[in-house]
Amino acid sequence: MKPDRLSSRLSLSVAVLGLLLVALLSALAYFSLSRQLDGIAEQSLKDKLQQVRHSLREVAIRPEVGSQTHNIRDLIQGHDSLSLTLYDDSSPPKELMSVGLMQAPLQPDAAIPAEGIAFHYWQDEQGKALLTASQLFQRKDGSRIRALLTLDRASDQALLRAYIESTLIALPFVLALIAAGAWWIAHRGLISLNQFRTIAERVSTDDLSHRLPVENLPQELRELANGINFMFHRLDGGVQQLSQFSDDLAHELRSPISNLIGKAQVTLSRERPPEEYKRVLENCTEELGRVTRIISDMLFLAHVSHPAALVPFERLRLHEEAEKVAELFSLMAEDKQVTLKLSGQATISGDRLMVQRAISNLLSNAITHSPAGSNIDITLSTRAANVTLAVSNQGAGIAAEHLPKLFERFYRVDNGRSRADSGTGLGLAIVRSIMSLHRGQVSVSSNLDATTVFTLHFPLPQPDAEHGKNRGHE
Ligand SMILES: Nc1ncnc2c1ncn2[C@@H]1O[C@H](COP(=O)(O)OP(=O)(O)O)[C@@H](O)[C@H]1O
Ligand SMILES: [Mg+2]
């Protein structure tokens with residue numbers, strides 16, 4: 001079962017890794033030590049054989065004259081771990097002399113090179129580890145003597161055994177130390193996460209002002225903290241926007257509804273002729289129509305401002321769309337005696353209904369604010385960087401100080417007059433949201449008592465029109 005805590009998991013993983021590494025290193029050290037010992041043993045046998053060879057030059061060895069070989073015996077005796085056996089080169093070889101306790105088995109000739117020394121690692125019946133060096137000596141009289149020098153490697157064995165024992169004893173302590181160190185480092189590194197938790201516990205929709213402290217955090221956690229802070233920032237903005245939205249809605253609905261209640265109360269305060277009731281009811285119906293428009297405009301605005309509003313864009317000929325909208329407004333234009341003129345061609349990729357809605361909001365404003373007998377121009381053009389649709393009308397124009405606020409929700413230049421025009425003050429806010437959904441913009445320029453121009457700027461259409469997934473949004 002995996003431990004729950006991240007620090008425990010990390011220390012366990014590091015401990016397992018540590019175990020593997022320590023085991024690998026110990027094995028490497030063991031093999032290198034044992035090779036080193038072999039090298040030393042071989043070298044000591046070589047040196048000893050050198051001395052034996054030297055002594056053999058001096059002495060004539062005959063089996064019957066044992067005393068003459070005392071020189072060689074002296075070389076070996078006193079060394080408990082060494083044994084020497086000399087054979088002649090007859091077949092089968094005859095033992096000439098043997099000093100020491102260990103009797104090395106005679107190697108087949110093939111294993112003993114004519115020159116140089118052959119080493120043979122073996123074990124006796126008691127399992128004692130031994131090393132035998134064999135060499136052929138050419139003597140002055142032409143005869144050959146084979147020397148087998150054997151070394152008891154008990155001390156080397158003991159050294160290696162002691163090494164393994166001490167490694168095995170130290171291993172658990174080393175591992176415990178590694179695990180504890182890893183746990184402490186992981187624990188210290190993760191302490192900052194507790195701060196994250198404390199802040200997260202404090203955050204609510206009522207208070208999104210908390211931010212994670214990013215100073216003194218390690219790089220990875222700093223990036224995480226920055227990401228979370230940015231998320232808080234956006235949530236804060238969104239929540240403020242929502243609460244502003246509902247405040248605006250309540251504020252805008254309050255006055256028409258209290259108007260309605262007031263009117264109804266005054267009318268009911270005494271008996272009135274039927275025509276008056278009729279007039280009041282007509283008035284109320286008009287006011288209720290405005291309330292309905294506000295509600296449906298707010299709902300549309302909420303829909304446009306929501307990412308779920310994204311549907312795949314299609315390729316739209318702006319001329320055709322503007323023509324359809326102008327057609328719808330032809331009666332209203334006729335009433336106000338203004339002429340609608342459409343010119344230019346352009347193609348965009350967008351959402352048909354939304355684009356129509358944006359054009360109609362601009363057109364209805366233009367007609368509302370145009371003097372009788374004037375022209376309204378809808379001009380389409382494709383430029384290097386974008387596609388534009390401009391709606392221009394004559395009239396009183398808009399004072400410069402209003403221009404920056406014009407696209408805010410419920411903002412009206414002349415509240416009294418706009419109310420009479422039954423506008424909701426949401427038309428341009430909707431246009432702005434639609435344009436931002438299309439990665440575009442809306443701009444306005446106006447001269448007092450002259451021309452007012454609202455321009456929609458669309459990005460150039462992509463070669464393939466289906467790119468709805470990449471759209472931006474307010
Ligand atoms: N073409 C225009 N000429 C003069 N003023 C305009 C024009 N278009 C918009 N406005 C001003 O901008 C205000 C906001 O417009 P809008 O958001 O459509 O709200 P509404 O039309 O409901 O009043 C309008 O009340 C009006 O004062
Ligand atoms: Mg309007």
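Biologist: How far is an oxygen atom of ligand 1 from a backbone N or O atom of L428?

Modeller: Heads-up: this is a predicted model, where local features need pLDDT of at least 70, side-chain atom pairs count only at pLDDT 80 or more, and totals for chains, interfaces and linings use all residues, while side-chain values use heavy atoms and leave out hydrogens and water. Residues are numbered from 1 along each chain as its sequence is written, with chains lettered from A and ligands numbered from 1 in the order written. For a polar contact with ligand 1, I look for a pair of N or O atoms within 3.5 Å. The L428 backbone atom and the ligand oxygen make such a pair, at 2.8 Å.

Biologist: Which residue puts a side-chain N or O atom 3.0 Å from a nitrogen atom of ligand 1?

Modeller: Not G427, whose polar backbone atom sits 3.4 Å from an oxygen atom of the ligand. The side-chain N or O atom at 3.0 Å from a ligand nitrogen belongs to N393.

Biologist: How much of the accessible area of ligand 1 does the protein cover?

Modeller: Take ligand 1 on its own and its accessible area (Shrake-Rupley, 1.4 Å probe) is 530 Å². Put the protein back and the covered part of that is 93%.

Biologist: Which element gives the largest share of the shell around ligand 1?

Modeller: Two elements give two or more residues each, α8 (352-369) and α10 (427-437); helices here are DSSP runs of H or I, at least four residues, and strands are E runs of at least two. The largest share is 3 residues, and that comes from α8.

Biologist: Which residues around ligand 1 come nearest?

Modeller: The shell holds 16 residues, each with a heavy atom within 4 Å of the ligand. Coming nearest are N365, N393, T424, G425 and L428.

Biologist: Away from the ligand, what is the angle between the planes of F407 and F454?

Modeller: The whole structure has 3 aromatic pairs (Phe, Tyr or Trp ring centres within 6.5 Å; under 30 degrees is stacked, over 60 edge-to-face, the rest tilted). F407 and F454 form an edge-to-face pair, with 6.2 Å from centre to centre and a plane angle of 80 degrees.

Biologist: How far apart in sequence are the parts that this pair ties together?

Modeller: F407 is in the loop between β10 (386-394) and α9 (415-420), whereas F454 belongs to strand β12 (residues 451-459). The pair therefore ties together parts whose separation in sequence is 47 residues.

Key
A polar contact is a pair of N or O atoms within 3.5 Å; within protein, one must be able to donate a hydrogen and the other to accept it, and residues adjacent in sequence count only if both atoms are side-chain atoms. Rings of Phe, Tyr and Trp (its six-membered ring) pair if their centres lie within 6.5 Å; planes under 30 degrees apart count as stacked, over 60 as edge-to-face and the rest as tilted.
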